[in-house]
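Trainee: Could you take me through one part of this model in detail? I'd like to look at the charged side chains and what sits around them.

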Amino acid sequence: MFAFMDAVEKPPIGNRKSYMSIPEARLIGDVEGYVTQQEEAIKLQRFYYLQYNEIAVRLQTDLTAVLARLEAAKNNLEMVKKFRDNPGEEFQSLMQISAGVFRWVTVMPVEKVTLKVGNALQMVFDLPEAEEFIKKDITRLVKQRLQHEHDIDFLQDQVNTIEMNLAVLFKNGLDKKNTNSNG
């Protein structure tokens, strides 16, 4: 039923490295030069680290919302297919009444369904139209998921680079401190 999801590809990214505006971290090669060029090198790297953490939280929150909407859309598609495959038949379904409260209900045969379109708008669709609309929505959500996953991977690379920079800067600071105290 969801085989079409496997064919969805990540949208082209162009010459960028992420879909979001994630600044690229650069590995510090010349530590001495960097420290003399940047008076507060460790503070700057910590700032980038905090910035990446904020982006990570936002990305993870967005990904969680996309995954929840994707599951809801898949459930809606299953329900519409059930209505289309069994026209004129009643069936039993477990419905959530409130958080943690479920009840078995009898679902009467339907020819049209109301779907949420956007944040507040609801539209009535015939079953074939509803199926196509939900498939397009699922395709859009899968693309969003792929984009978020790509950005999370890219962001993890940036965090690793900053962590390496911080380790090198701390080691350089300790080496200088030890050299000054021994000399």
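**The charged network and its surroundings**

Mentor: Start with Lys 81, Arg 84, Glu 131 and Lys 135, which are linked in a network of salt bridges (a salt bridge being a side-chain nitrogen of Lys or Arg within 4 Å of a carboxyl oxygen of Asp or Glu). Before going on, bear in mind that this is a predicted model, where local features need pLDDT of at least 70, side-chain atom pairs count only at pLDDT 80 or more, and totals for chains, interfaces and linings use all residues. Residues are numbered from 1 along each chain as its sequence is written, and side-chain values use heavy atoms, with hydrogens and water left out.

Within that network, Arg 84 pairs with Glu 131, their closest N and O atoms being 2.4 Å apart. Arg 84 lies in helix α2 and Glu 131 in helix α3, so this salt bridge ties together parts that are 47 residues apart in sequence (helices are DSSP runs of H or I, at least four residues, strands are E runs of at least two, and both are numbered from the N terminus). Glu 131 is buried at 7% relative accessible area, whereas Arg 84 is partly exposed at 39% (buried means under 20%, exposed over 50%, partly exposed in between, with a 1.4 Å probe and protein chains only).

Other salt bridges stay inside one helix. Glu 71 and Lys 74 have their closest N and O atoms 3.3 Å apart; they are three residues apart in α2, so about one helical turn separates them. Here Glu 71 is partly exposed at 40% and Lys 74 is buried at 19%. Glu 149 and Arg 145 also meet in a salt bridge, 3.4 Å from N to O, and both lie in α3, four residues apart, about one turn of the helix. By this rule the count comes to nine salt bridges.

Lys 74 also leads to the nonpolar side of things: Ile 138 touches Lys 74, and Phe 2, Phe 4, Met 5, Leu 70, Ala 73 and Leu 77 too, not counting residues up to four places away in sequence (contact means heavy atoms within 4.5 Å). Ile 138 is among the residues with the most contacts inside the largest nonpolar core, which has 22 residues (such a core is a set of buried Ala, Val, Leu, Ile, Met, Phe, Trp, Tyr and Cys residues joined through side-chain atoms within 4.5 Å). The elements giving two or more residues to this core are α2 (41-85), β3 (112-117) and α3 (127-182), and its largest share, seven residues, comes from α3.
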